[in-house]
Structure formats: structure tokens, C-alpha cells
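User: I should like to understand how descriptive terms for a protein model are justified. Please explain the reasoning step by step.

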Amino acid sequence: QFAREPFRIFFPLAVLAGILGVALWPLHLLGFFQWYPGQVHARLMANGFFGGFIFGFLGTAMPRMLSAKPFTSLETGMLMVAWLAMTIAYSFGSLVLGDALMLGVLVCFATFMLPRAANRKDIPPPGFILVLLGLVSAFFGAGLSVLLSYLELDLFWTNLQRLLAFQGAILFPIMGVAPFILPRFFGTRSS
């Protein structure tokens, strides 16, 4: 049941990642570590907290919306291990490794979803194009982050990386899912 509905695994883990991301600030102020936690916090919240909710929701909902088979235990396990490795890397301040693992999580998720999309019997709501745009933003944001750690590029690329990774990757999926899911919470039909 947990593999078929990845939200059951990812939602509690995402909450823990969010708690860890927030806990960095009091730990820093109390002197547990000297490095400034701003970049680690941003990644834990964007890729750990929000990413966990996004992967959990999409891993559960997309196969149903496509009338495709749900995730297998192996697929959910691989996705969870990659996401946990990413979150742990960020937690220890290894941003480049964490961003590379985020790319791995996204590639893993796309590898599992593309065959389901190709063999679908149904289509998701039209707003889900924004969800795809959010995943593409996350991919290019993480990719630019890894690239920026090896190359010295113009400030434009640093700003673009932050916009893609911390805003586009979160806001696009929320805007794509909200019109579909909010009416369900209130017991009304979605237009």
C-alpha cells in the first residue's frame, strides 16, 4: 500500500525535512555550527520539504489520473532513497552533492512517469502543464547550481538558478494542482 501511494511515505518525511530546515536557525544561533545556514535552509525547504510533498502527491495522483499502473515497491523505494540521500547531503552542508542528487531524483521520477504517460488511458487536468513546468524548473535550477559550482558565470545565471530552483519549482506545481484539488477539499466539482 505504501508503494502504491507514495504520499504515505513522502509526506511525513517532508515534514521532518521542513522541521530540520527551520531548526538550522536556532542551532546556528546557539553556536552548534558556525557556517551560515541560508543556502542549506533554502534547499531543505524547496527540495526537501516542498519536494517531498510534490513527489508524494504526484507519485500517488498521476498514475491514477493517467489510468496507469501505480508505482511499484522498487520504484517508490528508489525514489525515496534518492530523496533521502539528497536531504541528508543538504543537511550536512554539501550543496553540490545535494543538487546533483536532486537531479537524480528528478530523472528517477521522470523515468518512472514517462512510460505511464506514454501508455495512459486518460489525461490529467489542463492545469497540470504547470506541474510539468515546475519539474522542468527544478531540473534546470539544480543543474545550473551544479554548473555554477564549477564555473564562474555572470550574475544573471545565479539569479536564474535561484528563481528556477526556489520559486518556479514550487509555485508552478502549486498553481497547477490547486484548481484540481481545492474543490475536492470543499466537496464541489472542479470546473
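Analyst: The following exchange sets computed values against definitions.

Analyst: Please note that this is a predicted model.

User: What makes up the pattern of the protein along the sequence?

Analyst: The pattern reads α-α-α-α-α-α. The protein has six helices and zero strands. A helix must be a DSSP run of at least four residues.

User: Why does the radius of gyration agree with a compact globule?

Analyst: A compact globule of 191 residues would have a radius of gyration near 16 Å, and the protein has 17 Å, so the value agrees. The C-alpha trace spans about 50 × 35 × 35 Å along the principal axes.

User: How much of the protein counts as buried?

Analyst: Buried means under 20% relative accessible area. Buried residues make up 42% of the 191 residues.

User: What makes a set of residues a nonpolar core?

Analyst: The members must be buried residues of certain kinds, such as Leu, Met and Phe, joined through side-chain atoms within 4.5 Å. The largest such core here has 38 residues, and those with the most contacts inside it include Phe55, Leu79 and Phe109. Each of α1, α2, α3, α4, α5 and α6 supplies at least two residues of this core. The largest share, nine residues, comes from α2.

User: Which residues does Leucine 79 touch, not counting residues up to four places away in sequence?

Analyst: Contact means heavy atoms within 4.5 Å. By that criterion, Leucine 79 touches Phe10, Phe55, Phe71, Val105, Cys108, Phe109 and Phe112.

Notes: Residues are numbered from 1 along each chain as its sequence is written. This is a predicted model: local features need pLDDT of at least 70, side-chain atom pairs count only at pLDDT 80 or more; totals for chains, interfaces and linings use all residues. Side-chain values use heavy atoms; hydrogens and water are left out. The radius of gyration is taken over C-alpha atoms; the globule rule is 2.2 Å times the number of residues to the power 0.38. Buried means under 20% relative accessible area, exposed over 50%, partly exposed in between (1.4 Å probe, protein chains only).
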